[in-house]
Amino acid sequence: MPRRLMFFIDFDGTISREDICSLMLDTFGGDNWREFNRQWEKGDLTTEECASLVLGKLQVNPVALENWFDQAQIDETFLEFVRWAIQQEYPLFILSDGYDNYISRVLGRYGLKIPFYANHLTYRQGWEITCLSNDNECRRHGVCKTRLMESLLDPDYCSVYIGDGYSDICPAEKADLVFAKDDLARLCRERGIAYHPFGCFSDITAALTRITDEKASG
Ligand SMILES: [Mg+2]
Ligand SMILES: [Zn+2]
């Protein structure tokens, strides 16, 4: 394993304590969004198709929604993890198939400057998704995390993927090292992908410090 690490991190439910997108739909959306979400999880709907179906039912104006984003909490140990990574000069990227509207707001509140890639929520007659990627190779995702990870990864670095959900399984298959919880941990087990379980970011800092120390002493 190369010494230097490059991190690719999911946002919803990984950095944020709750899945902000799901919570937003629970709070302001129609009641059948979970059924569409299940179809998305199975791969029967793309992110764009799923979002078009559920966002039409979103009953909240832009100002109220922005204010609502301000109550989102993050895993507080993420802050220490970021300090540690910066100290080690390990680059970090946030890859989300959610929305930059809340990611930028939440990161800003904590004074975090981390590059992020996500879709965008636009309000015209109603809410609409603007997908980040529109390439033909991956038609499933609004943000294809695998494609992004592959294009951002410096070959001198070891890729570390951290996530919790369905949109994380594809990049997890390609990453050198995986930290997984919840649905992603289950999907990794089902597909025989090696991963380190984690609960919060302090587990990751501890595990990586241990691995790096073993390398240094061995
Ligand atoms: Mg997630
Ligand atoms: Zn993809």
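1. Let's start with helix 2: the cover over its buried residues includes helix 1 (20-28) and helix 3. Please keep in mind as you read that this is a predicted model. The buried residues of helix 2 are Trp33, Phe36 and Trp40. Around the helix axis they cover an arc of only 65°, so they sit on the same side of helix 2. Turn to the face pointing away from that buried side and you will find the exposed residues Glu35, Arg38 and Lys42.

2. How do helix 2 and helix 3 lie relative to each other? The axes of helix 2 (residues 33-42) and helix 3 (residues 47-55) come within 10 Å and cross at roughly 175°. Angles over 145 degrees count as roughly antiparallel, and the two helices are therefore roughly antiparallel to each other. On the helix 2 side of the contact are Trp33, Phe36, Asn37 and Trp40, and they meet Thr47, Cys50, Leu53 and Val54 in helix 3. By character, the residues of this contact divide into 6 nonpolar, 2 polar and no charged. Trp33, Phe36 and Trp40 thus turn up twice, among the residues that meet helix 3 and as the buried residues of helix 2.

3. While you are in this region, have a look at what comes after helix 2. Gly43 follows the helix, and its phi is positive, near 90°.

4. Now to the sheet. It is open, has 7 strands in the order 4-3-2-1-5-6-7, and its pairing is mixed. Strand 4 (127-130) and strand 7 (196-197) are the edge strands, each pairing on one side only. At the strand 4 edge, strand 3 (residues 116-123) and strand 4 run antiparallel and are joined by 4 bridges. To locate this pairing on screen, pick Leu121, whose bridge partner in strand 4 is Ile129.

5. Which strands pair with strand 5 in the parallel sense? One is strand 1 (residues 5-9), over 5 bridges, and another is strand 6, over 4 bridges. Useful landmarks are Phe8, which stands opposite Tyr161 in strand 5, and Val160, which stands opposite Leu177 in strand 6. Further along, Gly163 stands opposite Ala180 in strand 6. Strand 5 is mostly covered, with 5 of its 6 residues buried.

6. Is strand 6 covered on one face or on both? Both faces are covered: Leu177 and Phe179 are buried on one side, and Val178 and Ala180 are buried on the other. This is a nice place to recall that side chains in a regular strand alternate between the two faces of the sheet. Two of these buried residues also appear in the pairing with strand 5: Leu177 lies opposite Val160, and Ala180 lies opposite Gly163.

7. Helix 9 deserves its own point. In helix 9 (residues 182-191), the buried residues include Leu184, Ala185, Leu187 and Cys188. Those residues cover an arc of only 165° around the axis, which puts them on the same side of helix 9. The cover over the buried residues includes strand 5, helix 8 (169-174), strand 6 and strand 7. On the face turned away from the buried side, helix 9 carries the exposed residues Arg186 and Glu190.

8. A word on the edges of the sheet leads back to this helix. Strand 7 is an edge strand, as is strand 4. Helix 9 packs on the sheet, where it touches strand 5 (158-163), strand 6 (177-180) and strand 7. The direction of helix 9 makes about 130° with that of strand 6.

9. Finally, some backbone angles to check. Most residues other than glycine have a negative phi. Asp182 has a positive phi, near 50°, and lies in helix 9. Asp182 counts as partly exposed because it has 15 C-beta neighbours inside 10 Å. Just after the same helix 9, Gly192 takes a positive phi of about 65°.

10. Glu89 is also worth a look: its phi is near 60°, again a positive value in a residue other than glycine. Where does Glu89 lie? Its place is the loop between helix 5 (77-88) and strand 2 (92-99). With 8 C-beta neighbours inside 10 Å, Glu89 counts as exposed, since the cut-off for that class is 12 or fewer.

Terms used
Residues are numbered from 1 along each chain as its sequence is written. Chains are lettered from A and ligands numbered from 1 in the order in which they are written. This is a predicted model: local features need pLDDT of at least 70, side-chain atom pairs count only at pLDDT 80 or more; totals for chains, interfaces and linings use all residues. A residue is buried if 20 or more other C-beta atoms lie within 10 Å of its own, exposed if 12 or fewer, and partly exposed in between; C-beta atoms are placed from the backbone. Two strands pair if DSSP finds at least two bridges between them. Two residues are in contact if their C-beta atoms, placed from the backbone, lie within 7 Å. Axes are lines fitted to C-alpha atoms, for helices over the stretch in contact, and angles run from 0 to 180 degrees between N-to-C directions. Angles under 35 degrees count as roughly parallel, over 145 as roughly antiparallel, 65 to 115 as roughly perpendicular and the rest as oblique. Ala, Val, Leu, Ile, Met, Phe, Trp, Tyr, Cys and Pro count as nonpolar, Asp, Glu, Lys and Arg as charged, and the others, Gly among them, as polar. The arc is that of the directions from the helix axis to the C-beta atoms.
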